[in-house]
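Visitor: I'd like to go through this one by asking how each label is earned. Can you take me through it?

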Amino acid sequence: MTHIAAVHGVLAPHRYAQREITDMVARTCLPVGADHRALYRMHRRVGVRARHMTLPLDRYAGLGDFGAANDTFITTAVDLGADAVGAALDTAGLSPRDVDLLMFTSVTGIAAPSVDARLVGRLGLRRDVKRLPVFGLGCAAGAAGLARLHDYLLGRPDDVAVLLSVELCTLTLQRADTAPANLIATGLFGDGAAAVVACGTRRAVAGGPTVVAGRSQLYPGTEDAMGWGISGSGFRVVLGAGIPELVRENLAADVDAFLADHGLRRADITAWVCHPGGPKVLDALAESLALPDGALDLSRRSLADVGNLSSASVLHVLRDTLAERRPPAGTPGLLLAMGPGFCSELVLLRW
């Protein structure tokens, strides 16, 4: 099994109340003289009270083209990534030179050399560290990345592997796009990062739970439900209204089959570590899985406090679960997220 030694989350430097952000979006994205009431209703309904942003609010209107936004992504991703990985390694009692694999995931910017490569010298990682940059998994990448660390460490039980997620969603703002998907996204997504330090069986250190197994599931014919449309202005969000229904139709059967393969049922799970995709998605998840009251409280709180951080969100919820819930030792937990594909990623934990 894979041992989770530490999880650390960080947030972008500028924090604003939701109303302040909505005011900026209204000025930046809506035509002069347009009725702003629909936008304010959308932003109230997403369940977010405040978010952290890469730039001060007054910088977004003049951010420029995709190249300027992406340059900002690279600089900030390296800074936040260094903070997240460094703090996670300190918590685990490990040094940068102990790291054998660094996996980096993001869907809100691109870089070559990749962000993980830029962190090698910054953090003092070994020159022979294995690197794996991943793009395209979106909100599912936090869960998928943890599962892939587990796959790697099963074959290398002496190794230390780190997953780093950095998502700077606000840099993808489309200033001339008044489509509902873009306006909802401007009220839902925030900026942050998270790092997970995991150790193989023979390198285990004191810390959190173990990873038992992971499972990936794609849903055919749903490619248009979520993702990016790439244009000259950068990433244009694709966010279908049918996502909650996809959750209701598919997730319960997949969870039940996954748990059954390990001799478990939903009632055995003592902590649900779920990506806070939005209030409707969380409601669909709770209904389809018939979760007990309060099972998603940490996910809902994370959504309200910082918004949806794409792939980093589920790792922030995992950090909060380890710090606050402390499930009974030896009991199972389930970490899950959904993303473009449309897909789900499930990770079975044991506390």
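Visitor: How many residue pairs are in polar contact between domain 1 and domain 2?

Guide: There are 17 such pairs between domain 1 and domain 2, both residues at pLDDT 80 or more. That confidence limit applies because this is a predicted model. On the domain 1 side, β1 (2-11), β3 (50-53), α5 (141-155), β6 (160-168), α6 (180-188) and β7 (191-199) each supply at least two of the residues that touch domain 2. The largest share is from α5, with eight residues.

Visitor: What makes up the side of domain 1 that touches domain 2, in terms of nonpolar, polar and charged residues?

Guide: It divides into 29 nonpolar, 18 polar and eight charged residues.

Visitor: What makes arginine 236 and aspartate 177 a salt bridge?

Guide: Their side chains meet at 3.2 Å, N to O. The cut-off is 4 Å between a side-chain nitrogen of Lys or Arg and a carboxyl oxygen of Asp or Glu, so the label holds. Between domain 1 and domain 2 the count is two salt bridges.

Visitor: And where do the two domains begin and end?

Guide: The domain assignment gives 2-199 for domain 1 and 210-350 for domain 2. Their centres, taken over C-alpha atoms, are separated by 18 Å. The contact draws 55 residues from domain 1 and 44 residues from domain 2.

Visitor: What is the area buried between domain 1 and domain 2?

Guide: About 3,800 Å², and carbon and sulfur atoms give 66% of that. An area is quoted because the size of an interface is often given as the accessible area lost when the parts come together.

Visitor: What does UniProt say about domains here?

Guide: An unreviewed UniProt entry places "Chalcone/stilbene synthase N-terminal" at residues 71-197 and "Chalcone/stilbene synthase C-terminal" at residues 215-350. In the model, residues 71-197 are 43% helix and 20% strand, with end C-alpha atoms 28 Å apart. Residues 215-350 come out at 38% helix and 26% strand, and there the end C-alpha atoms lie 15 Å apart.

Visitor: How do you know that arginine 49 and aspartate 305 form a salt bridge?

Guide: Same kind of test: N to O is 2.6 Å, and the limit is 4 Å, so the pair qualifies. It links distant parts of the chain, 256 residues apart: arginine 49 is in the loop between α2 (37-45) and β3, while aspartate 305 is in helix α9 (residues 297-306). A search of the whole structure finds 18 salt bridges.

Visitor: Which peptide bonds are cis?

Guide: Among them is the bond from alanine 112 to proline 113, with omega near 5°. Proline 113 sits in the loop between β4 (101-105) and α4 (115-123). A cis bond also joins glycine 341 and phenylalanine 342, with omega about -20°. Phenylalanine 342 is in the loop between β12 (332-339) and β13 (343-350). They get a mention because most peptide bonds are trans.

Visitor: Why is serine 310 singled out for its phi?

Guide: Most residues other than glycine have a negative phi. Serine 310 has a positive value, near 50°. You'll find serine 310 in the loop between α9 and α10 (313-325).

Methods
Residues numbered from 1 in each chain as written. Predicted model: local features only at pLDDT ≥ 70, side-chain atom pairs only at ≥ 80, totals over all residues. Heavy atoms only, no water. UniProt positions renumbered as here; feature names shortened; annotations may be inferred. Helix = DSSP H or I, 4+ residues; strand = E, 2+ residues; numbered from the N terminus. Domains from an automatic or database assignment. Contact = heavy atoms within 4.5 Å. Buried area = accessible area lost by both parts, 1.4 Å probe. Polar contact = N/O pair within 3.5 Å; in protein donor to acceptor, adjacent residues only side chain to side chain. Nonpolar A, V, L, I, M, F, W, Y, C, P; charged D, E, K, R; others polar.
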